[in-house]
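Me: Please take a close look at one strand in this structure. I would like to know how it sits among its neighbours, with some context from the rest of the chain.

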Amino acid sequence: MTKSGTAKGFPSDCDVAVIGGGIIGVCTAYELARWGILVALLEKGAIGGEQSGRNWGWVRQQNRDLHELPLAIQSLRRWSELSGELGEDVGFPKAGILYGTERQSDVAQWESWLARAREVGFNCEILGARELAAHIPSGRGKWVGGLWSATDGRAEPSRAGPAIARGAQRLGAKVYQNCAVRSLETSAGRVSGIWTERGRIAADTVVLAGGAWSALSCQNHGINLPTINVIGTALRTAKAPSVIEGCFSGPDFALRRRLDGGYTIAVPGYGRVELAPQNLRHSVSFHTMFRSKLKKKLKIRVGSSFFHGPEARATWREGDVSPFEKMRALNPRPDKEWLRGALQNVATVFPELSDLRIVHGWAGAIDTTPDLVPVIAKVEARPGLVIASGFSGHGFGLGPGAGVLVSRLVLDEATQFDMGPYRLARLSDGTKLSSPGDDVSPTGNGAVGANVVMACYAFSLDLTSRHRP
């Protein structure tokens with residue numbers, strides 16, 4: 001979706017203002033528009049221009065945190081319906097997702113998870129070594145077993161967000177790109193609108209779906225949203241032989257078949273964090289995750305984010321130029337050695353992919369919560385404000401379901417399942433948070449978050465010990 005997809009004129013008011021044009025924001029705007037609600041969707045840069053357009057493109061139910069699983073099931077259902085509703089292809093087929101492992105401990109963990117997932121209403125298949133090999137006949141590995149879900153799928157990140165935003169527009173939503181929201185307006189103790197770089201919009205409700213930028217926005221209004229931004233790296237290849245039509249997670253690599261005949265490839269569990277003010281300030285909130293020795297799957301660096309971007313220290317008022325205008329799109333540098341490692345790992349398992357050509361490598365910022373479960377909640381201290389953020393690398397797959405959930409929350413409709421795990425207060429009221437890996441095998445973007453936040457916590461403890469009087 002380009003600048004030409006921006007609505008003409010500028011409204012003085014709306015029913016609901018949605019901040020952020022990533023997958024969560026566009027799905028929320030679309031679902032609200034389906035209810036006949038007057039929605040204004042505001043994005044500081046381009047729709048899907050950051051992590052929502054840079055993720056792996058996996059749409060999965062299996063290996064979800066059990067708190068997320070009902071949302072994943074709802075989301076899969078919506079993914080299946082969207083192309084027909086929108087009248088344009090979002091690139092989603094139920095092509096299946098396959099995990100393969102050389103470790104018996106992974107199989108045991110999958111078996112334990114699946115027993116509980118069946119109670120929630122989801123089922124998939126535990127595979128033996130021979131059954132796994134039958135799914136990937138050209139694969140080479142010392143397989144112990146696998147996990148297969150035929151109902152899971154994949155979608156194209158570059159297509160999905162813009163297509164859903166256009167669908168929201170056709171239903172009456174107003175979409176504004178290159179229009180940063182500077183601050184909230186409050187009246188009589190509740191949110192009454194927003195101030196943007198183009199002026200004020202009155203609104204009964206505001207939904208904050210700013211991804212990596214949400215915590216900074218909250219901080220400027222005295223709201224604590226403890227997240228850490230993790231930098232993940234991925235690549236896409238030129239057209240290559242087909243080894244799987246869906247997605248596959250193998251030993252230290254993950255790949256998705258693309259509609260253009262290439263692959264999107266990443267290394268699960270690897271990430272980078274920069275020691276910026278926001279990350280250091282929130283690091284102690286992640287102490288429940290500090291349960292194991294740090295892995296060699298992360299980098300800790302001091303970079304430009306200390307001074308610029310969503311992790312820098314900043315305050316401003318509605319009349320000031322905000323950090324959101326100074327940086328329209330996060331474009332972190334990729335970690336090239338991980339790209340090379342990913343290609344080597346793929347070639348080890350699939351020799352026919354030994355000559356893959358990288359077309360593009362990129363990185364994206366993943367807003368990560370202490371328990372890797374998103375915040376989808378009304379903010380008690382700011383009536384009229386709803387936060388939908390902290391999806392910890394799972395937002396793309398969960399986006400359509402999250403849009404349904406947020407819209408129902410805004411309209412005070414029944415949400416169909418327990419909202420307790422998504423409440424904001426759980427991150428600060430002493431609630432015992434689950435640790436990543438309690439329910440699933442440590443693969444995927446979530447493992448990146450787990451490794452990095454543990455490192456941040458360790459670093460903060462080190463700083464504290466050095467400066468303790």
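Reply: What follows starts with the strand and then moves outward.

The model is predicted. The strand to look at is β20, residues 385-389. How many of its residues are buried? 5 of the 5 are, so β20 is largely enclosed by the rest of the structure.

Take the two faces next. In a regular strand, side chains alternate between the two faces of the sheet. In β20, L385, I387 and S389 point one way. V386 and A388 point the other way. Residues on both sides are buried.

Now the partners. Strand β11, residues 199-208, runs parallel to β20 and is joined to it by 3 bridges. Here V207 stands opposite V386. Strand β19, residues 375-378, runs antiparallel to β20, with 4 bridges between them. On that side, A377 stands opposite I387.

β19 and β20 also form a hairpin, with 6 residues between the strands. Within this hairpin, G384 takes a positive phi near 100°.

Now the whole chain. It has 11 helices and 20 strands. Of its 469 residues, 61% are buried. Consider contacts between residues at least 6 apart in sequence: 77% of them join residues at least 24 apart. The chain exposes about 18,400 Å², and carbon and sulfur atoms supply 50% of that area.

For a helix to set beside the strand, take α3, residues 104-120. At 1.5 Å a residue, its 17 residues should span 24 Å. Its end C-alpha atoms are 25 Å apart, which agrees. Which residues of α3 are buried? They are D106, V107, W110, W113, L114 and A117. Their cover includes helix α2 (69-86) and the strands β4 (97-101), β5 (125-128) and β6 (145-149). Just after α3, G121 takes a positive phi of about 115°.

Last, the surface. V302, F306 and F307 make a nonpolar patch of about 330 Å². F307 is found in the loop between β17 (298-301) and α8 (323-326). Is F307 buried or exposed? The cut-off for exposed is over 50% relative accessible area. F307 has 60% relative accessibility, so it counts as exposed.

Back to the strand, in brief. β20 has β11 as a parallel partner and β19 as an antiparallel one. Its residues point two ways, and all are buried.

Notes: Residues are numbered from 1 along each chain as its sequence is written. This is a predicted model: local features need pLDDT of at least 70, side-chain atom pairs count only at pLDDT 80 or more; totals for chains, interfaces and linings use all residues. Side-chain values use heavy atoms; hydrogens and water are left out. Buried means under 20% relative accessible area, exposed over 50%, partly exposed in between (1.4 Å probe, protein chains only). Helices (H or I, at least four residues) and strands (E, at least two) are DSSP runs, numbered from the N terminus. Two strands pair if DSSP finds at least two bridges between them. Contact means heavy atoms within 4.5 Å. Accessible areas come from the Shrake-Rupley method with a 1.4 Å probe; for residues, only the protein chains shown count as cover. The expected span of a helix is 1.5 Å times one less than its number of residues. Patches are made of residues with over 30% relative accessible area and no salt bridge: like charges are joined within 9 Å, nonpolar side chains (Val, Leu, Ile, Met, Phe, Trp, Tyr) within 5 Å. A salt bridge is a side-chain nitrogen of Lys or Arg within 4 Å of a carboxyl oxygen of Asp or Glu.
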